[in-house]
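Here are three short exercises to work through at your own pace. Have a look at the structure first, then try each task before reading its solution.

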Protein chains: 4
Amino acid sequence: MSQTAQQTAPVTRARYLASDNTSGLCPEAMDYLARANVADDLAYGNDAWTTAASDGFRDLFETDCEVFFVFNGTAANSLALASLCQSYHSVICHELAHIETDECGGPEFFSNGSKLLTVAGDNGRITPEGIEATVTKRGDIHYPRPKVVSLTQATEVGTVYDLADLRAIREVADRHDLRVHMDGARFANACASLEVSPAELTWRAGVDVLCFSGTKNGLGFGEAVIFFDKRLALDFEYRCKQAGQLASKMRYLSAPWLGLLETGAWLTNARHANAMAQRLSDGLTDIDHVTPMFDTQANSVFLQMPADLQAGLRDVGWTFYTFIGEGGVRFVCSWNTTPELIDELIANLKQAATRLGY
Amino acid sequence: MSQTAQQTAPVTRARYLASDNTSGLCPEAMDYLARANVADDLAYGNDAWTTAASDGFRDLFETDCEVFFVFNGTAANSLALASLCQSYHSVICHELAHIETDECGGPEFFSNGSKLLTVAGDNGRITPEGIEATVTKRGDIHYPRPKVVSLTQATEVGTVYDLADLRAIREVADRHDLRVHMDGARFANACASLEVSPAELTWRAGVDVLCFSGTKNGLGFGEAVIFFDKRLALDFEYRCKQAGQLASKMRYLSAPWLGLLETGAWLTNARHANAMAQRLSDGLTDIDHVTPMFDTQANSVFLQMPADLQAGLRDVGWTFYTFIGEGGVRFVCSWNTTPELIDELIANLKQAATRLGY
Amino acid sequence: MSQTAQQTAPVTRARYLASDNTSGLCPEAMDYLARANVADDLAYGNDAWTTAASDGFRDLFETDCEVFFVFNGTAANSLALASLCQSYHSVICHELAHIETDECGGPEFFSNGSKLLTVAGDNGRITPEGIEATVTKRGDIHYPRPKVVSLTQATEVGTVYDLADLRAIREVADRHDLRVHMDGARFANACASLEVSPAELTWRAGVDVLCFSGTKNGLGFGEAVIFFDKRLALDFEYRCKQAGQLASKMRYLSAPWLGLLETGAWLTNARHANAMAQRLSDGLTDIDHVTPMFDTQANSVFLQMPADLQAGLRDVGWTFYTFIGEGGVRFVCSWNTTPELIDELIANLKQAATRLGY
Amino acid sequence: MSQTAQQTAPVTRARYLASDNTSGLCPEAMDYLARANVADDLAYGNDAWTTAASDGFRDLFETDCEVFFVFNGTAANSLALASLCQSYHSVICHELAHIETDECGGPEFFSNGSKLLTVAGDNGRITPEGIEATVTKRGDIHYPRPKVVSLTQATEVGTVYDLADLRAIREVADRHDLRVHMDGARFANACASLEVSPAELTWRAGVDVLCFSGTKNGLGFGEAVIFFDKRLALDFEYRCKQAGQLASKMRYLSAPWLGLLETGAWLTNARHANAMAQRLSDGLTDIDHVTPMFDTQANSVFLQMPADLQAGLRDVGWTFYTFIGEGGVRFVCSWNTTPELIDELIANLKQAATRLGY
């Protein structure tokens, strides 16, 4: 994310709710990392951990998908998009999509120029109508031909696409020969929120490629790029290599993932984070001038609040982002966000509101 | 340009007003091309024609600028922008800018990913305020750092930036260490419209690089990329070569340019085109339901008119573009547009309006 | 070409034999260019000249190929190669191939990183064995996967691949799923030399894409990229557009080509140039210390000669390249090289040799 | 590395000497990683670990350098090179340089086309004469202008450049305005070998940018890109971000580095690895038909041996690479290679030699 995370010096008890990337490795991830460190192993993914983690994803998604591990989300999404289109094609995404707003031109760099065509949409969701309009707007060669729809699950504003949403997008995608890419920066949170299986939420609903974030789910690094349409994965390992995304000691990416998968932490972490966001959301219903901006469907809470109230929070050490419109504030919960921290935030907010006379 | 130029089969007398690129070479350009063909000459710009044309630009602009000849406007603008920033920088331009809407991702391709940040602005003009807001919006590394302002002169909607507009843009550019690029697809028309010298309208008003279009001014091909800040031109000849824009028989690009410069046709062509646009604009004031969308300041006329009226024109062979909003129509005049053709269009439009009961 | 074309100031009678790009437009090309200039026409290739020229190529090649016109050879070859592989693939070519030695990284730029893997080969020809060795050398992902064979016809040293050579290359290409690209900078000269039809020398011998140079064959600009495997041409028009290779007034590229095709000048020009090279070759057999480096099979003559002899030629105004090894000199003949000029060169060479005591 | 690491299934006691990337994290790295995981921390390098590690490098190099952490060596070298030149420039390197032979076109991808110009040189070392010849060979725009010299320290064949070598390279670089990049995949091993300080071996000897590998020195991931000429680092953080090399949880890259620096493990690890290579080298002097290919100056040993001897080793579980010429074998030692393992290899080799009658 971006812009103005008012980051102060670390305090004894971290009041970091700017993003789910301020949390560390969860115990399950650390445990498997340590286990992978017991013995030497083969490089470049030829180790047993990588094989097991890849198979773990195949089990989780109940299909014979192609799995690749890369270092971070910028690379995962950019490489996946580059594999779905050529430089003179375009990618349709929401105007708030992370790939558009917070990657410093990463997708354009990896694809060597594929343009992102943005569409508006309520609650951070791209709509079939928006896609349709973008594809049919023009058909001349001066307009980069749309080839991919990219959607973020959960969205950048903490909402989710349900199965009907996804199927409707697949339908318009089919009509126009578009591939469907899912930026799964918070995919686990979406699964937890909707209580549907990963398979249901991806390939069974028409997703071609998923970038499943481990970093926001309790790892130190490591995103899995998962191709459900295996033909699209052709030579993807070369693409990763050339682009600086082939880890020589790959087991340190894959073993922690295996930890998440084998223990089920991928889901319990997400459920916990979602529950904390809900707790925050619920605790704020009776503060005047603090109003929710979006439904809390995953692990983020977006609130509208006056500037002096924001300042009041910062004064006592809270970090958060303010990038969605005037007066908008985002809090993100993680696998290790405690109920106590949430309650403390609510209390601080109420105190500040009282002090300021709201 | 783009989208829906309803192009029909050629008619005896061409009713092409879709763009100034349907006209051929003007006599002066053809004359010099023929002269350059009399004898063999050195390749890659080491010929006398190229030297003379480059010097011709230095005379015209009253300064010791660096001059490069490339094949077309996509390349001229894209190469110039690529030389002004790195892939992780960004270019601020109007939301209607040709580089944004009609280059199929060309600027992103040549720069390997520099993002275009678009701003709104009345009459096709970017404003200092819009630039300021875009630069100061964010300062984090997830946002590609703005490095260039690109403006089109005359604009994509047939208006011009006057000297005060340009100076105000330079002022904000200086404040934020931005370079100023001018897409001069219709630069000659702007000079003619404002009755100011090329020097006044460029480097004296703060332009760092101008892409001066010959194609729309009476050539077959050939744009001149002119660097007023010579340091920015460092190794630009290598950039052109690598990107497929070094003509081996360069005299066929430069000699026609010399024809325009030595005869003054660059300006008389533009004046004529502007006058034809004005004639059209003036002749339509009394047709109901046909309303001007923008001031006619150069060689284009934008009109709002009902769909059946548009159809009525197409039925009798007129070609034109309809890419600006609902019901918007563009007519572009050129060096060889005749008064008779304009009068014929006006007459046809009146007839159709009458027939349709407007 | 490259390096050290000792280019002097133009002399009354041009003694330019540095390259076939010092010649101008041949009469047939100029005639059609003038005809295309009689009336306005539609832009971006929607004109009748472009249609006719494309059909002309289909006739010439006796097959329903896809035809695209671009500005120059750097672009033609680079775009064609980029369409045949991805950035993490590689292109096998001769170590003297123009794409390797004289494009300033153009192929790598257009493809965003595809590596050229060079192989040695006598007489400028790549061999099946060289290709085989390069493909089978490695199969790991740290080595960019070979996907294309590029060969130049006629070669950079003035020799040609005969039909058996081409078929043998196709055979190894098939075995390793490689596509075959032909850099036809002097394709017409090869046809003339071998006295075989364009169809025989391309798709019937296994060529997938040909870049047919017009510039070296009597045009001012303009190369035709011809896809015999039409599937490889998918969206190539977008690629051209994005990369600055879509001419708005395309008829000025296509009409001169039509002139070459309809009049047969493409072949007569090439035959003439070849004959002049042969005349030069034949005229030098009895000068001591001037020895041929390669067979003269097309329009170039490569000679080994002492440095003082070279200087003697330069002193009387001859321009030529010296880029092939120590003491190697290249002379290239063109459609308008006269027998008188060749005889003059031979005479000058003999005089200098005598004077220097060879 | 590449080609044919004959990798078998893991055995109880790993006989991996294919590369120093089969080893895991050293205890010091793991310790600091665990410490960094105790508390939440700010993202994107705004954490205390990253600050401390960066300062640690400044201390180590005794200068105020700019320090960036990226994920792997492909990215470190490619990004550093891209920051030193433009796409139409070139990089001079040894023909065995990893950037040339084993990055699948990574440098060309990140730089958007900068060509690598390779030179030969004994013992894996590029020479001032080789650089000079490459720069002065041509000066035309068809040849990508040399802008960078890249050298690998220790080299790809296990030798090192001493201070005199480096100063001589700097001298030729200065003469031609070239920047000097050091691929420090095994930089620590070179420091250990030469017993000179990091400062002596880099900026004091004229290195502009060093890519210091942590992965091969005892980390799981993480290379430090260190700019001694700070002007060259301008906006490098944006470049990293765009190219997918900005870790959100950067402390997991930087904290292990801090572990290496604070404990001195960076050097003790390297010394140990070098000593093990020396032990291997020393132990093989009396085996017939096993001959050293290069001096053992760092942590690699290159041996010439018959194919059946190689097979004999593989049969008992040894992994190693065979990519340098016919019959060449490479063994690489690491921070955790034991004397027992080396002795076992020597013994196995002797047994096989005896058995085969050598």
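**Exercise 1. Find how much area chain D and chain A bury between them, and which residues of chain D lose the most.**

Solution. This is a predicted model, so keep that in mind throughout. Start with the area: chain D and chain A bury about 4600 Å² between them, and 56% of it lies on carbon and sulfur atoms. Next, look at who takes part: 54 residues come from chain D and 54 residues from chain A. Finally, pick out the residues of chain D that lose the most area to chain A: they are D:F221, D:Q242 and D:K249. Together they account for 16% of what that side buries.

**Exercise 2. Work out how chain A and chain C are related.**

Solution. Begin with the superposition: a turn of 180 degrees and a shift of 0.0 Å along the axis lay chain A on chain C with an RMSD of 0.0 Å. The two copies are therefore related as by a two-fold rotation axis. Now locate that axis: A:N112 is the residue of chain A that comes closest to it, at 3.3 Å (C-alpha).

**Exercise 3. Describe how helices α12 and α14 of chain D pack.**

Solution. First find the helices: α12 spans residues 265-283 of chain D and α14 spans residues 339-355 of chain D. Their axes come within 10 Å and cross at roughly 25 degrees. Angles under 35 degrees count as roughly parallel, so α12(D) is roughly parallel to α14(D). The crossing is right-handed. Then list the contacts: D:M276, D:R279, D:L280 and D:G283 in α12(D) meet residues of α14(D) including D:P339, D:I342 and D:K350. By class, this contact has six nonpolar, one polar and three charged residues.

Key
Residues are numbered from 1 along each chain as its sequence is written. Chains are lettered from A and ligands numbered from 1 in the order in which they are written. This is a predicted model: local features need pLDDT of at least 70, side-chain atom pairs count only at pLDDT 80 or more; totals for chains, interfaces and linings use all residues. Side-chain values use heavy atoms; hydrogens and water are left out. Axes are lines fitted to C-alpha atoms, for helices over the stretch in contact, and angles run from 0 to 180 degrees between N-to-C directions. Helices (H or I, at least four residues) and strands (E, at least two) are DSSP runs, numbered from the N terminus. Angles under 35 degrees count as roughly parallel, over 145 as roughly antiparallel, 65 to 115 as roughly perpendicular and the rest as oblique. A crossing is left-handed if the near helix is turned anticlockwise from the far one by less than a right angle, and right-handed if clockwise. Contact means heavy atoms within 4.5 Å. Ala, Val, Leu, Ile, Met, Phe, Trp, Tyr, Cys and Pro count as nonpolar, Asp, Glu, Lys and Arg as charged, and the others, Gly among them, as polar. Copies are superposed by least squares on the C-alpha atoms of residues with pLDDT of at least 70 in both. Buried area is the accessible area (1.4 Å probe) that two parts lose on being put together, summed over both.
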